[in-house]
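Please take the sequence and the structure below together, and follow them step by step through the paragraphs after them.

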Amino acid sequence: MSCDFSGTLLHAYLDGELDAMRAAEFERHLETCRECTATLGVAESLRSSLQRAQLYETAPVTLRKKIRAELKLSAAGASRSPVAAWRWLAAAAAILLVTGVAWYAIPRFHGMSSESASSVTSAEVIDAHIRSLQAGHLTDVASTDQHTVKPWFDGKLDFIPPVHDFMDEGFPLIGGRLDVLGERNVAALVYGRRKHFINVFVWPTKEPDTPIHPPGSRQGYQWVHWRHQGMEFCAVSDVSAQDLHELAQLFIQ
Amino acid sequence: MSSTGHAKGWDVLDSQDRARFEQLVLPHLDAAFNLSRWLLRSRSDAEDVAQEALLRAFRFFRGFNGGDARAWLLQIVRNTCYTWLEKNRQVELMTEFDEDLHQQSAANPETLAIAGDNRERLARALETLPVRFREVIILRELEGCSYKEIASITSVPIGTVMSALARARQRLQRALTQPAQQEAPHEL
C-alpha cells in the first residue's frame, strides 16, 4: 500500500532538488499514484503553514553588540592556551562520534546520489530563467545572427555550444548569455516565440544521447530536457510544452 | 568542523581578521540565533550558545576556506548546541529514535491547515520533534538551505537529508493533527 516514493523522492521534488528529468518522471508518477498525490498535498500545506507562522527568530540587538565587543577583545588579546584547544577538539571529536553512531543510515536513493549533487535541478533551471527575464539580464550578446552568437562564446566556456537560428520555423534567435547552473558555467541561448522568451541551457556531458524528455512544469514554467551528441540541453519557458518540444526537435535535426 | 587542529593552538587573529569576520560571518548571526533557539527551545539559552559559537567560529576563522560562510557558521553553531545539550539535557539526545514507522498519518491538507494556522501550536509541535528531525525542518523551511547545505551543516550524506526531512515532515504533521501526544521533556 505504501509507495516507496512518498517517503523519499516526493520530498526532493517538493524541495526542487530533483534534476529536470527526474522531476518530470516524478510528475508522471504522480498522475497515477494517489498516495503520493495525497502526501504531496499534505506536505505543501504544512510548508505554507510554516511560512505563514513566521517562526524565524532574529537575534536580539544586545547579542550583536556583545559579540562585537568580545571580538574586539579577542582580536587584540593573546591567543588561548593550547591545552584549551585540545580539550575543545577532543569534545568536538566525541560529538562527531556520538552523532555518527546515533544517526543510523537511511536508505539511499538513486535519484540523488552525491554524484548528481552537481547536476542541475528543476528549481535552478527555473530560477535561472526567471533571473534572465529581469531587466538587462537576458542576453550578453544580442544578435539574430548565429555567426555572431557562436563565436562570442569562444574562449568564454570550455566548450562550444551549437547555435542555430530557427527564425523560419518560428523561433528567432535573440542572443546568447553565460549562466551558471549547478555550479558550472553553461551557455544560455535565447529564442523568441511570439512574445515569449525561451532559454535553452547547454553544457557538455559524457552521458549517451537521450530523447526529448516529456515536459515538466513548475510555477507555470515548462521545461524539456534532452542529450544530443555530447551536449545536455534544457529548454525552459512559459510557452506551451508543445512549442518547447518543437524547438527541441529542431536542435536534434 | 574545519581543519583548524593546529598543534600550536588557536590562531592569533588581528584586527584585519576581525574586519573580515564581521563582514563575512557576522551577517549570519540571525541564522545562528534562530538555529540555536529551535535546537535548544529557549531564547535565553540560545543567546548564550550563539554567542559562544560565534566566538568559537572567530577562533577557527583562519580555517574557513572562503566558501559558504553561513553553512560554515551553522555547522559550528550546531556542534556547539549539541555539546550544550549533551551537558545540560542529555535525555533529549538519548530518547530520539523511538518512532513507529508504521503509524500512518491520517492528516489531510484541510485539518492540517486549520491546525497549522495557530503559530503557538505549530511552534509547540515543532518543539516536540526529536532534535535531529527538528534541525532539518528549521534549516530547510526557515533558513531555506539546500539539501547540499544541510548535508554539510549536519555532516550527513545528501540522501540522508532527504529521508530525514521526509520523516520529520511526517512527524510534524502527526504532532499537529494529534495534539494529545506526549511532549518531550522541556526542562530538566
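**A walk through chains A and B**

In this predicted model, a convenient place to begin is A:Gln54, a residue that follows helix α3 of chain A and has a positive phi, near 50°. Going back into α3(A) itself, the reader finds a helix of 19 residues, covering residues 34–52, whose first and last C-alpha atoms lie 27 Å apart, which is close to the 27 Å expected at 1.5 Å a residue. The buried residues of α3(A) include A:Cys36, A:Thr39, A:Leu40 and A:Val42, and further along the helix A:Ala43, A:Ser45, A:Leu46, A:Ser49 and A:Leu50 are also among them.

From this helix we can turn to the sheet of chain A, an open sheet of seven strands that pair in an antiparallel manner and stand in the order β1-β2-β3-β4-β7-β6-β5. Its edges are formed by β1 (141–142) and β5 (210–218) of chain A, each of which pairs on one side only. For β5(A), one partner is β6 (residues 221–228) of chain A, which runs antiparallel to β5(A) and is joined to it by five bridges. Within this part of the sheet, A:Arg218 has A:Tyr221, in β6(A), as its bridge partner.

Two helices of chain A lie across strands of this chain. Helix α6 (residues 122–133) lies across β2 (173–181), β3 (184–193), β4 (196–204), β5, β6 and β7 (231–237) of chain A, and its direction makes an angle of about 130° with β4(A). Helix α7 (residues 146–153) of chain A, in turn, lies across β1, β2 and β3 of chain A, running at about 20° to β2(A).

In chain B, attention may go to a pair of helices, α8 (residues 131–142) and α10 (residues 158–177), whose axes come within 9 Å and cross at roughly 100°, and α8(B) and α10(B) are therefore roughly perpendicular to each other. On the side of α8(B), the contact is made by B:Arg132, B:Phe133, B:Val136, B:Ile137 and B:Arg140, while α10(B) contributes B:Val161, B:Ala164, B:Leu165, B:Arg167, B:Ala168, B:Arg171 and B:Leu172. Sorted by character, the residues of this contact comprise eight nonpolar, no polar and four charged.

A last stop in chain B is B:Arg89, which sits in the loop between α4 (69–88) and α5 (90–94) of that chain. Is B:Arg89 buried or partly exposed? Because 19 other C-beta atoms lie within 10 Å, B:Arg89 is partly exposed. Although B:Arg89 and B:Leu40 are 49 residues apart along the chain, their C-alpha atoms are separated by 9.2 Å.

Conventions. Residues are numbered from 1 along each chain as its sequence is written. Chains are lettered from A and ligands numbered from 1 in the order in which they are written. This is a predicted model: local features need pLDDT of at least 70, side-chain atom pairs count only at pLDDT 80 or more; totals for chains, interfaces and linings use all residues. Axes are lines fitted to C-alpha atoms, for helices over the stretch in contact, and angles run from 0 to 180 degrees between N-to-C directions. Helices (H or I, at least four residues) and strands (E, at least two) are DSSP runs, numbered from the N terminus. Angles under 35 degrees count as roughly parallel, over 145 as roughly antiparallel, 65 to 115 as roughly perpendicular and the rest as oblique. Two residues are in contact if their C-beta atoms, placed from the backbone, lie within 7 Å. Ala, Val, Leu, Ile, Met, Phe, Trp, Tyr, Cys and Pro count as nonpolar, Asp, Glu, Lys and Arg as charged, and the others, Gly among them, as polar. A residue is buried if 20 or more other C-beta atoms lie within 10 Å of its own, exposed if 12 or fewer, and partly exposed in between; C-beta atoms are placed from the backbone. Two strands pair if DSSP finds at least two bridges between them. The expected span of a helix is 1.5 Å times one less than its number of residues.
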